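Here is a quick tour of a multi-chain model, written for someone who would rather look at geometry than read a summary. Keep the viewer open as you go.

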Amino acid sequence: MDPHLPWFVLLNPLLTAALIHLALRRAPAAATGLSVLSAVLGLITAIGIWFSGTPSAPIEISWIQLASLRIPIGLLVDPLSKVMLLVVTGVGALVHIYSTVYMAKDESKGRFFGNLSLFMFSMLGIVLANNFAMMFIFWELVGVSSYLLIGHWFTRDSAAAAANKAFLTNRIGDFGFMLGILLLWSASGTVVFPELAAKIGSLNLSAGFLTAAVLLVFCGAVGKSAQLPLHVWLPDAMEGPTPVSALIHAATMVAAGVYMLARISFLITLSPAAQSVIAWIGILTAVFAALLATQQDDIKRILAYSTLSQLGYMVSAIGLAAPGAAMFHLFTHAFFKALLFLGAGAIIHALHHEQNIWKMGGLAKSMRLTFLTFALGYLALIGCPGLSGFFSKDLILLAAWQQSKPVFALGLFTALLTAFYMTRLFVVVFLGQPRSAAAEHGHDGPVAMTAPLTLLALLSVVAGWPFIGHTLMGHDLAEGLHKIHAGGGAETVMSLATAAFFVGGAIALALYSKAKRDPLRIAPLQNKFYIDEIYAAFISATQDLLASVSNWIDRWILDGMLVRGLSGATWGTGFLLRFLQFGNLQAYAFLFGLGVVVLIYLMALR
Amino acid sequence: MPAPLAPLTLEIVVLLLGIVLLGFESFSKGGDRGWMARWSVAILSVVFAWSFFTTGDTGVDPSHAFYCADPLALFFKRIALLTTIIVMVISLEFRPVLEKFIPGIQPGSGTGEFFALPVFTCAGLMFMASAVDFLLIFVALELVTISFYVLVAYMRRQNASLEAGVKYLILGALSTGFLVYGITWIFGLTGETNLARITQVLPSLLAEGGRLHGSESALLFALMLLLIALGFKVAAAPLQFWVPDVYQGAPTPVTAFLSVGSKAAGFIVLARVLQTVVFLPSIAPKVLSVLGLLAVLTLLYGNLAALPQDNLKRMLAYSSIGHAGYLLVAFASIDPAAGNLYRTQTAIGFYLFGYLLMTLLSFLVMTVVSRHSRGDDIVHFNGLSKRSPFLAFGMLIAMLSLAGIPFTAGFYGKLLVFSTAIARQNFLLVSVGIITVAAGFYFYLKVVSAMYWKEPTEDQPVTASGLTKFTVAALCTAIFYFGIFPQSLLSMLPSDKAAPVAVSPAPHK
Amino acid sequence: MSVTLNHYLLASGLLFAIGFSGVLLRRNILTIFMCLELMLNAANLSLVAFSRFNLGPDGLPNYNAQILVFFIITVAAAEVAVGLAIIVALYRARQTTHVEDINSLKF
């Protein structure tokens, strides 16, 4: 393979971003065109890379060369990064095209596209990095560019606050990530992935050390992939423009944590303790987020919680030593979740920025194409047999079945909840009658909007089919998938998952399709509703309790104390410190003298 | 074959330039003095280029020399020259403000010394870089300090500038007192003022039967006095109290000069003084632990107290204290067994060079902006990206580099500093360093968010002269160039290839 | 009783301490400035004493130290010239040389 190809993929968006920011901010049309062009070129190159073989020599140039530390600027092209390249550039290109319509009337379109290209650069950097240090750098850069994108409408206070929250929460995770990298480096003397993989086995590291290192690195993934307890930023991040949500908060950035874990799976398998922690955090996130999703009214927030929940699946799969299954789900999820977000964006766009699902309804008729594509994405997400999500979720559940029945049970419950809340969303938004003036005027977007939807819908259907998905995943990962499949229990798991799909969907259908067709219904007159009422009361009571408890923990403990407490304490110290600066000259001389006395005591008299 | 005194010619030219400028100022009528700054920029640039063609050999036996010209000295001379050149560019942008605050019969009169004095300061800094005898150290240091007294208080119609001048005068003279008293004691104990001679005689004096055997604390006391005086110059906590007030009150170009030039020279003198004692087993541990304490205090004070600041100049003052802390980390991580200071010298050399680029860049942009917005609070930077995208971009780069974002010179400097600490397994310093870097992100990015995310309070665009624009562009380029290709700068500094320090794998099992 | 090195050192130490306490306690900037000069002279005294009492192997003192004293005196004179000018400028602007009146820059 020509080593220039990966360099081109990486540097092309950087060049675009620089050009836009430095020269084209006042020329939005040119900025848009350039950015879209560069995204499409990136996709074409990524496809080219996928078809070419693995490079024979490492692609790197030297950057830091100290006695004890070597950090190259190097690119790693292997099956794992090839798949991820396809996902990032593919979804990226579609989102770019879609944004041309969605952001058409935005005043600072140039800035938006510049930042979008900057994001693509940083994300591709994570994908291609061949060492921890470089990955960390791009990891931070992704944080910065997503900060810029979430805060695009910075004049809204909530957008600025959300951007800050995302940034701060991620810093907590990244601190652990960095410590983990330092630990691994201090033990092995290298940060380059292939060298680390070759060395780590022969180092005879103690189990405790390995567990600590892996869990610290995992902290980075917890922050970026919004896992419990650092998930708080993702729902708020929905303040950003919807295409950004589709790209960053569904398909790429939040998946970076999972990708990173898959990249270091050789390390994770060395520590069973860390594995089980990862599996449990993942699956708990999945359940927790799914529960919260059932209670949301904002279409984007429902999708955000759903993303959290699906990421939980992937992380859990990593912990179950099934990185192949995690990547497979990441791959399919990227398409159908991007589709759902873009579909939601099309609705929001058509309804003049209305995001409350109870003010929608009946959109199936007025937004035919959006409805059809959204339906496919929805079915794929809830695991309708035959669609992509079904296959990938099934593999994760199967891996759980083989290794830990409690994890499997929670996973199955999540699948049921997923079917429930997504059906609720779907029914309320598309079926029934329009419930607001805006909803009556729904209309499909222009072709630049519907074409990406159609393409993603197609991918959502087929990406999971074994002969397509497994081919794209490359030989090594597909091997892992076959192994899981052959591990036993395939039929049981498949039927249970299908059952969860039907049960969850049916409950929601029963509850919401009828209730909303006639919002003014008088319950006692219609006996047949009593069962529904009890059902609903039971479900909603349990749900409310669980959801509000989770919400409370979320709001006060995690968000309040962890995030705000830390930054508040630092700021407070700084605030007190400056009162040492009285402004009085002799006070300074006195403090100077005090310093002299203390230092002399420490040095000469102690 | 160049003449043996070739390196000294650099200082001689700079001094002559200063004298000529002062002469012109005295014997010419009022009017625009901008030409003085422009000529200084041109001539100092020539001297800067010339410095690459001088040899390091002074032809004098080091144990009798006052003056040495090793690669480190040449490197710091270049830092001094570059700083002065950029400070001159800042001064040009600052002229309108300056003229408002000094009494003059006609516009422009009385500003001449403001352009001539930095040249003398520059000569002083260059002598400091080469000084290897306490006599020259003292005289050079005072040349720098006294010209700074004048410069800080230069705007005689402005209370803040005068107040800063008085504060700097009193506290500066106080630290001079400690410096001289420290020199006295070192001389009294060793009988020498030459650093190389002191290094030679100390081991035998401290050995069994030597005159100083058993009275190490006297030597430590003397060292402490020196450390206090130098700690004052480099703004190390707890001797940093003058910094925020003086930086805020002084004219902006002078603040920039103080925060870079004065600091760089202080650190090289510190390195030379420490070199005489850190390899003595009976002295080193205490000196290093005190340096470590200073580093921790300085890091915490500088970075935490910067958090609540609303005035950019004052925030940069605190940030400069913070950066002194990172530099002190490199000193506290000297390996007494190494036999040389190469690692520390390389780290501080690189760090200071990067610090020069980013600090002067931020001061340059600040001067232009505050002239247009009539103030240097952070709110005056609101919406700068709309008023002048170019300057906003320059400030962005400066802030990112100060915060230590990878691929900038600031990052690589921090990396070198931390690598010295990690090599010595000094994890306390590393963790304090990392925490303060995180705090630093907050206040540097506050400026960025003001520039890019807030609505401007005024609409008229901010304009800058061509020279300023060129300087901003050059500094931005240099920040990235040395962040991505650090080797080009490292090759000018003492190499640590001679003493490879491997990180020993942590004990496991 | 003959005067030994220790007597000189004691006197110089006392001078230094007096100077320093003056800096800390006096309220007039001019007085503070004079106290600072006192500290420099304390150093000069012990420098000369050290030079006089620690003779080299050839029976001669190290003259570098005595030269240094001249430099210190010269530099101190320069410092005073500049310092007084600044204090005068301050007095013209604020009509005060009281140390507690100059505290507008703080926090």
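What follows goes from whole chains to a helix pair and then to a few single residues.

**Chains at a glance**

Bear in mind that this is a predicted model. The table sets out the make-up of the three chains.

| Chain | Helices and strands | Buried residues | Contacts joining residues at least 24 apart, among those at least 6 apart |
|---|---|---|---|
| A | 26 helices, 2 strands | 55% of 606 residues | 82% |
| B | 19 helices, 0 strands | 65% of 509 residues | 81% |
| C | 3 helices, 0 strands | 32% of 107 residues | 51% |

Start with chain B, whose secondary structure comes to 19 helices and 0 strands. Its radius of gyration is 22 Å, close to the 23 Å that the globule rule gives for 509 residues, so chain B is as compact as a globular protein of that length. If you want a box for it, the C-alpha trace of chain B spans about 75 × 65 × 45 Å along its principal axes. Buried residues come to 65% of the chain B total.

Chain C is another story. Its pattern along the sequence reads α-α-α. The radius of gyration of chain C is 18 Å, well over the 13 Å that the globule rule gives for 107 residues, so this chain is more spread out than a compact globule. The C-alpha atoms of chain C fill a box of roughly 55 × 25 × 25 Å along the principal axes, and 32% of its residues are buried.

**How far to trust chain B**

The mean pLDDT of chain B is 86, with 94% of its residues at 70 or more. Which elements of chain B mark the two ends of the confidence range? Helix α5 (residues 134–152) of chain B has the highest mean pLDDT, at 94, and helix α14 (residues 384–387) of chain B has the lowest, at 84. The stretch to treat with care is residues 498–509 of chain B, where pLDDT stays under 50. For that stretch the model has 27 contacts beyond four places in sequence.

**A helix pair in chain B**

Two packed helices are described by the angle between their axes and the distance between the axes. Helix α5 of chain B packs against helix α6 (residues 159–190) of chain B at an angle of about 170 degrees, and the axes are 9 Å apart. An angle over 145 degrees counts as roughly antiparallel, which is why α5(B) is described that way relative to α6(B).

Who meets whom here? On the α5(B) side the contact includes B:F134, B:F138, B:E142, B:T145, B:F148, B:Y149 and B:V152. Facing them from α6(B) are residues including B:S161, B:A164, B:G165, B:Y168, B:L169 and B:G172, and B:T176, B:L179, B:V180 and B:I183 in α6(B) take part too. Sorted by class, the contact has 11 nonpolar, 5 polar and 1 charged residues.

**Backbone oddities**

Most residues other than glycine have a negative phi, and most peptide bonds are trans. A few spots here go the other way. A cis peptide bond joins B:A237 and B:P238, with omega at about 5 degrees. B:P238 sits in the loop between α8 (216–234) and α9 (242–249) of chain B.

Then there is A:A226, which has a positive phi of about 55 degrees although it is not a glycine. A:A226 is in the loop between α8 (207–224) and α9 (233–236) of chain A. Is A:A226 buried or exposed? A:A226 has 30 C-beta neighbours inside 10 Å, so it counts as buried.

B:F407 also has a positive phi, near 70 degrees. This residue lies in the loop between α15 (389–403) and α16 (409–423) of chain B. B:F407 has 17 other C-beta atoms within 10 Å, so it is partly exposed.

**One last stop in chain A**

A:V503 is found in helix α24 (residues 490–517) of chain A. With 14 C-beta neighbours inside 10 Å, A:V503 counts as partly exposed. Where does the chain bring A:V503 relative to A:L416? The two are 87 residues apart in sequence, while their C-alpha atoms are 6.9 Å apart in space.

Terms used:
Residues numbered from 1 in each chain as written. Chains lettered and ligands numbered in written order. Predicted model: local features only at pLDDT ≥ 70, side-chain atom pairs only at ≥ 80, totals over all residues. pLDDT = per-residue confidence, 0-100. Helix = DSSP H or I, 4+ residues; strand = E, 2+ residues; numbered from the N terminus. Contact = placed C-beta atoms within 7 Å. Axes fitted to C-alpha atoms, helices over the stretch in contact; angles between N-to-C directions. Parallel < 35°, antiparallel > 145°, perpendicular 65-115°, else oblique. Nonpolar A, V, L, I, M, F, W, Y, C, P; charged D, E, K, R; others polar. Buried ≥ 20, exposed ≤ 12 C-beta atoms within 10 Å, placed from the backbone. Rg over C-alpha atoms; globule rule 2.2 N^0.38 Å.
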